[in-house]
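Biologist: I would like a close look at a single part of this model, followed by whatever else helps to place that part in its surroundings. Please take your time over the details.

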Amino acid sequence: MSEIHYRLEQKRHLAGSFPGPKSAALDARRKAVVAGGVASSVPVYAADADGGIITDVDGNSFIDLGSGIAVTTVGASEERVVDAVREQVGHFTHTCFMVTPYEGYVAVAEELNALTPGTHEKRTVLFNSGAEAVENAVKVARLATGRDAIVAFDHAYHGRTNLTMALTAKAMPYKTNFGPFAPEIYRVPMSYPYREESDIKGEEAARRAITMIEKQIGASSVAGILIEPIQGEGGFIVPADGFLPTLAAWAKDNGVVFIADEVQSGFCRTGEWFASQHEGVVPDIITMAKGIGGGLPLSAITGRADLMDAVHPGGLGGTYGGNPVACAASLAAIKTMKEHDLNGRAQNIERIVTARFTALVEELGEAGIIGEIRGRGAMMAIELVKPGTARTTKEVNPEAAKAIAAACLRAGVIILTCGTYGNVIRLLPPLVISDELLGDGLDVLATAVRLAA
Ligand code: PLZ
């Protein structure tokens with residue numbers, strides 16, 4: 001990573017107890033006007049953010065190990081992104097690409113076609129959110145194949161809109177009482193190595209899913225298989241080697257569109273541009289969002305030209321999709337990712353985090369609460385279990401995850417949990433975080449884990 005200039009001091013600092021008076025006042029205003037259905041993990045209100053630091057309105061500085069859920073990969077106010085946005089807003093904020101097109105959209109499509117796996121002819125469409133990208137990938141797969149069924153997996157997360165709720169596995173808080181859900185969605189078992197009953201290999205786990213697809217849906221009815229190459233909200237689940245390639249090969253043989261949802265795992269997060277690349281998988285369509293926009297709302301689908309161009313003119317779009325300011329930010333963020341070799345940086349973060357977590361597991365011994373360390377790049381996690389059950393019953397421990405996240409926050413570190421069972425602590429630091437700040441954050445996390453063990 002070449003040298004990064006930070007605007008804010010990269011140091012954790014708590015000015016007093018928090019939430020401080022200004023955050024408390026904002027929270028009171030919020031409670032009177034913002035719907036209670038929107039929850040925030042942290043009780044303080046942001047004032048500024050840069051590199052690995054978020055400051056609040058009361059003068060506290062927190063270490064950011066969440067990147068606003070994997071978005072601010074290049075930092076929350078990266079110089080190049082800020083300049084590009086300033087430049088673009090000074091010219092036009094919007095024309096609507098469906099009315100008056102502009103270069104930024106085309107340039108982002110060129111970048112995505114080049115960066116996504118595979119050397120085949122590709123086409124891209126831009127949208128605003130991850131869910132919208134997933135919805136559109138499904139639209140394309142259905143139209144191009146003339147089939148209806150979409151296969152999703154246990155522990156999957158794909159969004160909160162009606163179709164993507166149906167695709168998401170977890171009921172609470174995402175689906176409960178929000179139905180009825182979209183039809184023709186089928187769920188099959190994921191490869192979740194830590195929680196498999198036997199030592200099943202990736203290829204066998206894929207066969208298990210494929211058999212279910214063939215017997216319960218019928219291959220000729222399936223439009224697409226939709227999968228996160230590393231599951232995000234579901235618990236940073238890395239499928240066993242061979243699982244993804246076997247599914248992709250079956251999809252190819254059966255005229256099924258293989259859709260990789262890389263909304264969370266894409267854009268340098270796992271040490272490659274896309275997590276699919278770790279096993280050489282070339283998806284037919286990739287969904288992208290989060291890190292792609294340098295913090296601005298932008299999402300995309302990039303796919304095989306024959307599939308994407310099957311759609312009639314006017315069949316895809318949206319008022320804001322590929323907004324020019326978001327495109328400018330995206331081009332700047334991609335430049336920064338290349339210039340600072342943020343894939344290399346993510347690989348480096350994986351080494352640092354793995355070494356720390358491994359030492360912690362050794363220190364806590366058999367009675368410890370860390371069931372598994374997993375992930376790739378700067379998408380690493382620990383799955384927590386009840387003391388002493390890590391190798392036996394693997395009893396889930398969501399209480400520990402909650403307690404650890406709360407203890408980290410009290411010490412000035414923002415850290416996120418995830419998982420179907422709520423028992424996973426996940427790390428999603430901005431890739432521009434310094435070693436020193438990351439180390440400080442990991443020290444705080446280790447202390448919190450020791451306390452919870
Ligand atoms: N696909 C793989 O991770 C968003 C959701 C947080 P949107 N993940 C964070 C929450 O509780 O809402 C996500 C994802 C994957 C799709 C999405 C959806 O992306 O931009 O939130 O719509």
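Which helices and strands cover the buried residues of helix H11?

Modeller: This is a predicted model, and the description that follows should be read with that in mind. What covers the buried residues of H11 includes two helices, H10 (324-339) and H13 (435-452), together with the strands E11 (370-376), E12 (379-384) and E15 (424-427). The buried residues themselves begin with Leu-342, Asn-343, Gly-344, Arg-345 and Ala-346, and continue with Ile-349, Val-353, Phe-357, Leu-360 and Leu-364. An α-helix has 3.6 residues a turn, so residues three or four places apart point the same way. As for its length, H11 runs over residues 342-364, and because each of its 23 residues is taken at 1.5 Å, the expected span is 33 Å, which agrees with the 32 Å that separates the end C-alpha atoms. After H11 comes Gly-365, with a positive phi near 70°.

Helix H7 can be described in the same terms. Its 15 residues, 202-216, should span 21 Å at 1.5 Å a residue, and the end C-alpha atoms are indeed 21 Å apart. The buried residues of H7 are Gly-202, Ala-205, Ala-206 and Ala-209, along with Ile-210 and Ile-213. Viewed down the axis of H7, these buried residues fall within an arc of 135°, and therefore they line one face of the helix. They pack against the strands E5 (149-153), E6 (185-188) and E7 (222-227), and also against helix H8 (243-253). H7, too, is followed by a glycine with a positive phi, in this case Gly-218, where the angle is near 95°.

Turning to the segment before helix H1 (21-33), one finds Arg-12 there, a residue that counts as partly exposed because its relative accessibility is 28%. Beyond its neighbours within four places in sequence, Arg-12 is in contact with Ile-53, Ser-61 and Ile-63, with Ala-411, Gly-412 and Val-413, and with Leu-437, Asp-440 and Val-444. Among these partners, Asp-440 makes a polar contact of 2.9 Å with Arg-12, side chain to side chain, while the backbone oxygen of Ala-411 lies 2.6 Å from a polar atom of the Arg-12 side chain. By contrast, Met-165 is 153 residues from Arg-12 along the chain, and the C-alpha atoms of the two are separated by 37 Å. The segment before H1 also holds Pro-19, which is joined to Phe-18 by a cis peptide bond with omega about 0°.

Ser-67, which lies in helix H2 (residues 67-70), is buried, with a relative accessible area of 0%. Leaving aside neighbours within four places in sequence, Ser-67 is in contact with Thr-72, Arg-269, Leu-428, Pro-429 and Pro-430, and a polar atom of its side chain lies 3.5 Å from the backbone oxygen of Pro-429. Ile-69 is also in helix H2, but this residue is partly exposed, at a relative accessible area of 34%.

Some of the backbone geometry deserves a separate check. Most residues other than glycine have a negative phi, and most peptide bonds are trans. Ile-69 departs from the first of these patterns with a positive phi near 60°, and the phi of Phe-267 is likewise positive, near 60°. Phe-267 is placed in the loop between strand E8 (257-261) and strand E9 (285-288), and it is buried, with a relative accessible area of 1%. A cis peptide bond also joins Met-172 and Pro-173, with omega about 5°; Pro-173 sits in the loop between helix H6 (162-167) and E6.

The ligand completes the picture. Of the 15 residues around the ligand, those that come nearest are Gly-130, Ala-131, Arg-160, Asp-261 and Gln-264. An oxygen atom of the ligand is 2.8 Å from a polar backbone atom of Gly-130, and a polar side-chain atom of Arg-160 lies 2.7 Å from a ligand oxygen atom. A nitrogen atom of the ligand, for its part, is 3.2 Å from an N or O atom in the side chain of Lys-290. On its own the ligand has 510 Å² of accessible area, and the protein covers 82% of it.

Definitions and conventions
Residues are numbered from 1 along each chain as its sequence is written. This is a predicted model: local features need pLDDT of at least 70, side-chain atom pairs count only at pLDDT 80 or more; totals for chains, interfaces and linings use all residues. Side-chain values use heavy atoms; hydrogens and water are left out. Helices (H or I, at least four residues) and strands (E, at least two) are DSSP runs, numbered from the N terminus. The expected span of a helix is 1.5 Å times one less than its number of residues. Buried means under 20% relative accessible area, exposed over 50%, partly exposed in between (1.4 Å probe, protein chains only). The arc is that of the directions from the helix axis to the C-beta atoms. Contact means heavy atoms within 4.5 Å. A residue is near a molecule or strand if one of its heavy atoms lies within 4 Å of it. A polar contact is a pair of N or O atoms within 3.5 Å; within protein, one must be able to donate a hydrogen and the other to accept it, and residues adjacent in sequence count only if both atoms are side-chain atoms. Accessible areas come from the Shrake-Rupley method with a 1.4 Å probe; for residues, only the protein chains shown count as cover.
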